[in-house]
Amino acid sequence: MNCERLDWDLLVRAVDKELSPAEEQLVETHLGKCAQCRREFAEVAHFSRKIAEAVNDIAVVEDSGDRERLAAQINRHELLKPVRQIAPAQVMRRFGWGMAIAATLALGIIFAPKQSNSTSGNVSVRQQASVASAIEVDGETFVALPYSNPDLPASAPRIVQMQVPVSSLADIGIAMTPVSNVVLNQDRSVLADVLLGADGQPLGVHVVSWE
Amino acid sequence: MDQGNLLTIPVVPWKVESVGNSHSQLLLEFYDREQTPLRRYVTMLGIDPETARDIVQESFLKLHEHLLAGGEQSNLRAWLYRVVHNSARNRQASFGVKKTSRLEDMTPAASPVARELTAEEELLEKERSARLRQAMGRLSEAQRACVVLRTQGMKYREIAAALDLSVSTVGENIQRGLERLRELI
């Protein structure tokens, strides 16, 4: 370029509207009096448009099915990741936890007097305090998930309130025992505070209420 | 809340009934607006169109997870381009050059402007675009990424966020990329 005042960098950034106010003033003033730089500026702008056309010229086959699949996946909440990937080494430990819970339940049923810790409506929730440990956050007590470490709560925990279906709880073995003759509707859900770690993974849960 | 309300949660991951749908709407609107530019961007990185489509689809699923986890929402466009860019690089690393595309061979989209041109002019335009894409394939990866994101109307700071570069490096990549393209054309 023959002009010494406006280099290529300034012209490109001028086309991209990426100049500082001082640079903008300089470029505007110079373009106002330099025909050669005006031509150069126009060339950069033209060349930039041609590059954009070359990119936007690429055909993209639209498929409405892609959007529908995405929407369906969102609606089904399929993307709520499992709380942890299970490493082979963890399987036996988890199996051990399952056995411990089962044993505690069995002992509780056989030896303990019927114990309803709390009731609301027609449902009680049975607590296996002997199995679970607790995490205290902001004065709220969360039952630690068996694979979380209650001694090491996340540095920036968050609490998210969400509805958890009773049927899902049942699927994973949480006992919600009716204390009256009313049969618990499996479509019901409970409101729970879930403690999330810094990585977004659940660390503990605290059931807030149920219907 | 007394201890009596606590549940013992076993080891199996659980399902959540609802966490609100505000982000779902946001995500679908975002999809409508960005999926085509994203696919073009991935294609310009040398990925074949079918794989580009998969990468973009997967990236929106990752965005969904990001939103579910309460992730940062201030610059989702840059976040999405970063995810797409990294996925494209991973795919390239995994299948080498076997499934990459020659940029000059990309099928041009039909455009209203093209219909107004004569057949000869249209052919020349197509050839010119193909030459430009071929030349872009000879830029460094960083230059090409910056130049292509610039064509999508992204500001330098957005490009910087998407590619994890400084704003000044983005400016340099664009400047040198355009210079190189001008030499090649």
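# A tour of helices H6 to H8 and one hairpin

Helix H6(B) passes helix H7(B) in a right-handed crossing (clockwise: the near helix is turned clockwise from the far one by less than a right angle; anticlockwise would be left-handed). The model is predicted: local features require pLDDT of at least 70 and side-chain atom pairs pLDDT 80 or more, whereas totals for chains, interfaces and linings use all residues. Residues are numbered from 1 along each chain as its sequence is written, with chains lettered from A and ligands numbered from 1 in the order in which they are written.

**Stop 1: chain B as a whole**

Select chain B, which has 8 helices and 0 strands (DSSP runs numbered from the N terminus: helices are H or I of at least four residues, strands are E of at least two). Read from the N terminus, the order of its elements is α-α-α-α-α-α-α-α. Chain B has 185 residues, and 42% of them count as buried (20 or more other C-beta atoms, placed from the backbone, within 10 Å of the residue's own; exposed is 12 or fewer, and partly exposed lies in between). Of the contacts in chain B with a separation of 6 or more, 71% involve residues 24 or more positions apart (a contact is two C-beta atoms, placed from the backbone, within 7 Å).

**Stop 2: helix H6 and its crossing with H7**

Select residues 141-151 of chain B, which form H6, and then residues 156-163 of chain B, which form H7. How is such a pair described? Two packed helices are characterised by the angle between their axes and the distance between those axes. Here the axes come within 10 Å and cross at roughly 135 degrees (axes are lines fitted to C-alpha atoms over the stretch in contact; angles run from 0 to 180 degrees between N-to-C directions). H6(B) and H7(B) are therefore oblique to each other (under 35 degrees is roughly parallel, over 145 roughly antiparallel, 65 to 115 roughly perpendicular, and the rest oblique).

Next, show the side chains at this crossing. From H6(B), Ala145(B), Cys146(B), Leu149(B) and Arg150(B) meet Ile159(B), Ala162(B) and Leu163(B) of H7(B). Sorted by class, the contact of H6(B) with H7(B) contains 6 nonpolar, no polar and 1 charged residues (nonpolar: Ala, Val, Leu, Ile, Met, Phe, Trp, Tyr, Cys and Pro; charged: Asp, Glu, Lys and Arg; polar: the others, Gly among them).

H6(B) is mostly covered, with 9 of its 11 residues buried. Among the buried residues of H6(B) are Gln143(B), Arg144(B), Val147(B), Val148(B) and Thr151(B).

**Stop 3: the loop between H6 and H7**

Move along the chain to Gly153(B), just after H6(B), which takes a positive phi of about 80 degrees. Then select Lys155(B), located in the loop between H6 and H7 of chain B. Is Lys155(B) buried or partly exposed? With 16 C-beta neighbours inside 10 Å, Lys155(B) counts as partly exposed. A distance of 9.4 Å separates the C-alpha atoms of Lys155(B) and Val167(B), which are 12 residues apart along the chain.

**Stop 4: helix H7 and its packing on H8**

Return to H7(B): 6 of its 8 residues are buried, so it is largely enclosed by the rest of the structure. The buried residues of H7(B) include Tyr156(B), Ala160(B) and Ala161(B). Just after H7(B), Asp164(B) has a positive phi of about 60 degrees.

Now add H8, residues 167-184 of chain B; its axis is 8 Å from that of H7(B), and the two pack at an angle of about 105 degrees. This makes H7(B) roughly perpendicular to H8(B). Tyr156(B), Arg157(B), Ile159(B) and Ala160(B) of H7(B) make the contact with Val167(B), Val170(B) and Gly171(B) of H8(B). By class, the contact of H7(B) with H8(B) has 5 nonpolar, 1 polar and 1 charged residues.

**Stop 5: chain A and a hairpin**

Switch to chain A, where there are 6 helices and 8 strands. From the N terminus, its elements run α-α-α-α-α-β-β-β-β-β-α-β-β-β. Of the 211 residues in chain A, 22% are buried.

Select strand S3 (residues 134-137) and strand S4 (residues 140-144) of chain A, which pair in the antiparallel sense over 4 bridges (pairing requires at least two DSSP bridges). Which residue of S4(A) is the bridge partner of Val137(A)? The partner is Glu140(A). Ile135(A) stands opposite Phe142(A) in S4(A). Finish at the turn: the hairpin of S3(A) and S4(A) has 2 residues between the strands, and Asp138(A) takes a positive phi near 50 degrees.
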